[in-house]
Amino acid sequence: VLGSTGISVRPGVSVDVEALKRHFTVNGYARTSTVMEPGDFAVRGGVIDVYPPGAEEPLRLDFFGDTLESLRGFDPQTQRSTRQLDRADFTPVSEVLLDEVTISRFRSNFLKTFGAAPGGDPIYDAVSAGARPAGAEHWLSLFYEGLETPFDYLGDEALIALDHLADEAFGERADQVRDYHEARIEAAETAPKTGGLAAPAYRALEPDALYLTRQEWDSVFAGGPRRRFTAFQ
């Protein structure tokens, strides 16, 4: 079963192998020679090894043509099979899904937000080439028309309960995000030059492009069934 963000496969079923490989690439899997860590995948003839995120162990898919003949788990250290499986689900490794649409949207939003990148920008150049740079999630909002939170899916009728320290925890987290943002801006502005050339500027998005603001957080709990716990009787 091929989906936009997930694929499920079963032994004995025909699978579009090329679509499966594209799914891995688009959804953040790294192609390696040997699968050792979650997010790795390797292709050797009619065999595909892959380590799905959240799986207990990597999986080995043995194909005969387009038919999946066997699906087995294996030990990443010994590379030996451990058990037979009747189903596997391949969910995304990263929130950043790289396809023609998201790459084009990122390029457009990046230039709108930061302007032209003199001398090139490593993040912009990597994404433009279809590569996923480390930490690409720090520019997540540039890839999509909008970001969502769990509250967008819960609706107004869902009961939401808060620990008595939830507001304090939100404030501490917001302060931490802001401190990290300011530190990165300062570090980029004071980066020393090497060989007469300045290091590429680190272009950080404003925190509210990635996180809920205090006003947005408060609005979530302004209506609907809500419960706040207290430490006192």
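Asp179, Glu182, Glu186 and Glu189 come together on the surface as a patch of negative charge. Keep in mind that this is a predicted model. Besides that patch, there's an open sheet of 6 strands to look at, and a hairpin made by strand 6 and strand 7.

**The charged patch**
- Glu186, one of the patch residues, sits in helix 5, which covers residues 166-189.
- Is Glu186 buried or exposed? Glu186 counts as exposed because its relative accessible area is 52%, and the cut-off for exposed is over 50%.

**The sheet**
- Going across the open sheet, the strand order reads 2-3-4-5-6-7, and the pairing is mixed.
- Strand 2 (30-31) and strand 7 are the edge strands; each has a single partner strand, so one side of each has no neighbour in the sheet.
- As a general point, strands of a sheet pair through backbone hydrogen bonds, in either a parallel or an antiparallel way.

**The hairpin at strands 6 and 7**
- Strand 6 (residues 67-74) and strand 7 (residues 81-84) run antiparallel, with 3 bridges joining them.
- Which residue in strand 7 is the bridge partner of Arg72? That's Gln84.
- Gly73, for its part, stands opposite Arg83 of strand 7.
- Between the two strands of the hairpin lie 6 residues. Gln79 is in that turn, and its phi is positive, at about 65 degrees.

Methods:
Residues are numbered from 1 along each chain as its sequence is written. This is a predicted model: local features need pLDDT of at least 70, side-chain atom pairs count only at pLDDT 80 or more; totals for chains, interfaces and linings use all residues. Side-chain values use heavy atoms; hydrogens and water are left out. Patches are made of residues with over 30% relative accessible area and no salt bridge: like charges are joined within 9 Å, nonpolar side chains (Val, Leu, Ile, Met, Phe, Trp, Tyr) within 5 Å. Accessible areas come from the Shrake-Rupley method with a 1.4 Å probe; for residues, only the protein chains shown count as cover. A salt bridge is a side-chain nitrogen of Lys or Arg within 4 Å of a carboxyl oxygen of Asp or Glu. Lys and Arg count as positive and Asp and Glu as negative; His and the chain ends are not counted. The place of a charge is taken as NZ of Lys, CZ of Arg, CG of Asp or CD of Glu. Helices (H or I, at least four residues) and strands (E, at least two) are DSSP runs, numbered from the N terminus. Buried means under 20% relative accessible area, exposed over 50%, partly exposed in between (1.4 Å probe, protein chains only). Two strands pair if DSSP finds at least two bridges between them.
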